[in-house]
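Here are a few short exercises to work through with the model open beside you. Try each task before reading its solution.

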Amino acid sequence: MTRSEPTPFLAGEQQTRKPYKALWAVLLLGWVVSYADRTLTGPVVSWMIANEVGFIGESSDPRALGGLVGSLFFTGYMLTQYPGGRLGDRFGHREMIVLSLLWAGVLTLVSGVVVGLIAFVGARVLTGLGEGVFYSNDRTLILNHTPPKRRTLGLGVVISGLSIGLTIGIICTPLLIDWGSALGMGAEAWRMPFVVFAVVSLIVAGLCWYFFRARLGGRLQLGPPMLRLVGVSAPLLVAVLGLFIVADELRWPTWGTAIGSGVLAAIVIAVIVGRLRRTPEASTLLSRDIVIVYVAYIAILWNLWFFSFWSVEIVREATESSLLAAALTAAFNAGAGILGFPAGGWLADRALRKGYGRKPLLISFSVVYSLLVFAFALSISGDGEPSLFLLGLILFCSGLFFNALQPIAQGITGDLVPEKQRGSAFGLLNLISEIGAVASPVVSGVLRDATGSWAVGTWVAGGIMLASAGLYVLVREKRPQLQ
């Protein structure tokens, strides 16, 4: 039996009833700490800008630079998506989950203690490289070990940890910075959230290791996949950090560095796709329908990290409120996923049982979300100050539909390929779609600095999402056999 195969105790329906729910719970915790670790950068950047301190606050174009730091993180994050899925298919998806959490915990701690912009960027890029292998292996474990009639629900329940992590990251980061200030850290108080979140991440990594070892397949072999992951990550780190250092030395504009990052990502994607096209797996991993999903999903990552990275700053500027008040309001968008993710999964499974399929839900949710984003753009346009209540309400309602559509799209993706290729499929999905996450923070920051308003970036985000709804119309959904 290879490591990518279902483990014996999950082979039958009678044996899966209790363990697969425990698996959901453990993976949900993984999403919580993973997203808290990556989300805290946005509020930290906002604090540096508001207080004009640190390597971001002292910059001449702080929002563009802050967005670039976020984009470089996601450049690292996207570049290990496909390699992470392939390593999971080969060495075991459990192993890659544990390695991802351990890696993220250690590098989040490093992010909080390094000195200087270049060292900080390097630490965040490394964090992204390690966290990039989580998604494809998490999605695969759920699909492989959950009964077909509950798979989309499982995808939704587990990924609700994303929203919990986002909410924790957005709300707790300002509180932890205030705690650091109270302890006398002064301008260095931004380091406190990194240290605290890192410790929690390492605890969750240990919990995952214990669960997998005790209840999901026995002893884990972390050495071989760790060496391979280091081998994959090292040249990618050199490429991304080298790009930033050259740009810094030559005084490139921030948008020029972002373009260079995008070119690097495009080269990696082209190399991976080119190699894959020469293999038998190309017929499924690069089929017409799944490629459409890969491209359409770019809009999801664009919108996810437009609001996750900048929502605190958008609300703070639009309402002239405090950082904490803005964070609490922005958290309504992230918190909506706690309801939206499982609701979307449940509705999709119900639609399958009724014989309707999941695609109509995916399209309609995408359209409704786009309209709500346009309403948000209108609210922050003009000279008036919108109320925190209005912005929080729109963010919450849009978050419900946005988060509900994600497990639906993921369920459709997993059913378009054979079980043994799911790690690779989800790796490709996030590799390609992370183009949105890489571009969104910096493009939106540049647009804000150029126009003096966040409205333009918001209109762009909604328009991209509306275009993705049109692409989903072209997808021919493959429905699983329900048991």
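## Exercise 1: a pair of helices

In this predicted model, the axes of helix H2 (residues 19–39) and helix H11 (residues 191–215) come within 9 Å and cross at roughly 160°. Work out how H2 is oriented to H11, and describe the residues in their contact by class.

**Solution.**
- Step 1: Angles over 145 degrees count as roughly antiparallel, so H2 is roughly antiparallel to H11.
- Step 2: The handedness of this H2 and H11 crossing is left-handed.
- Step 3: H2 contributes residues including Leu 23, Val 26, Gly 30 and Asp 37, while among those from H11 are Val 204, Phe 211, Phe 212 and Arg 215.
- Step 4: Sorted by class, the contact of H2 with H11 holds 16 nonpolar, two polar and two charged residues.

## Exercise 2: a second pair

Find where helix H15 (residues 288–296) and helix H21 (residues 422–451) cross; their axes come within 7 Å, at roughly 40°. Decide how H15 lies relative to H21.

**Solution.**
- Step 1: Angles under 35 degrees count as roughly parallel and 65 to 115 as roughly perpendicular. The angle here is roughly 40°, which makes H15 oblique to H21.
- Step 2: H15 and H21 make a right-handed crossing.
- Step 3: On the H15 side, Ile 290, Val 293 and Tyr 294 meet Ala 425, Leu 428, Leu 429, Ile 432 and Ser 433 of H21.
- Step 4: By class, this contact of H15 with H21 has seven nonpolar residues, one polar and no charged ones.

## Exercise 3: the nonpolar cores

Which residues touch the most other members of the largest nonpolar core?

**Solution.**
- Step 1: The largest nonpolar core has 139 residues, and Phe 212 and Trp 305 touch the most other members.
- Step 2: Helix H16 (residues 298–319) supplies the largest share of this core, 15 residues.
- Step 3: Leaving out residues up to four places away in sequence, Trp 305 touches partners including Tyr 35, Phe 74, Leu 166, Trp 310 and Pro 441.
- Step 4: A second, separate core of eight residues has Met 96, Trp 103, Leu 107 and Val 133 among its members.

## Exercise 4: one phenylalanine

Locate Phe 396 in helix H20 (residues 388–415). Is Phe 396 buried, partly exposed or exposed?

**Solution.**
- Step 1: Buried means under 20% relative accessible area, and exposed means over 50%.
- Step 2: Phe 396 has 26% relative accessibility, so it counts as partly exposed.
- Step 3: Setting aside neighbours within four places in sequence, Phe 396 is in contact with Phe 332, Asn 333, Ala 336 and Leu 339.

Terms used. Residues are numbered from 1 along each chain as its sequence is written. This is a predicted model: local features need pLDDT of at least 70, side-chain atom pairs count only at pLDDT 80 or more; totals for chains, interfaces and linings use all residues. Side-chain values use heavy atoms; hydrogens and water are left out. Axes are lines fitted to C-alpha atoms, for helices over the stretch in contact, and angles run from 0 to 180 degrees between N-to-C directions. Helices (H or I, at least four residues) and strands (E, at least two) are DSSP runs, numbered from the N terminus. A crossing is left-handed if the near helix is turned anticlockwise from the far one by less than a right angle, and right-handed if clockwise. Contact means heavy atoms within 4.5 Å. Ala, Val, Leu, Ile, Met, Phe, Trp, Tyr, Cys and Pro count as nonpolar, Asp, Glu, Lys and Arg as charged, and the others, Gly among them, as polar. A nonpolar core is a set of buried Ala, Val, Leu, Ile, Met, Phe, Trp, Tyr and Cys residues joined through side-chain atoms within 4.5 Å. Buried means under 20% relative accessible area, exposed over 50%, partly exposed in between (1.4 Å probe, protein chains only).
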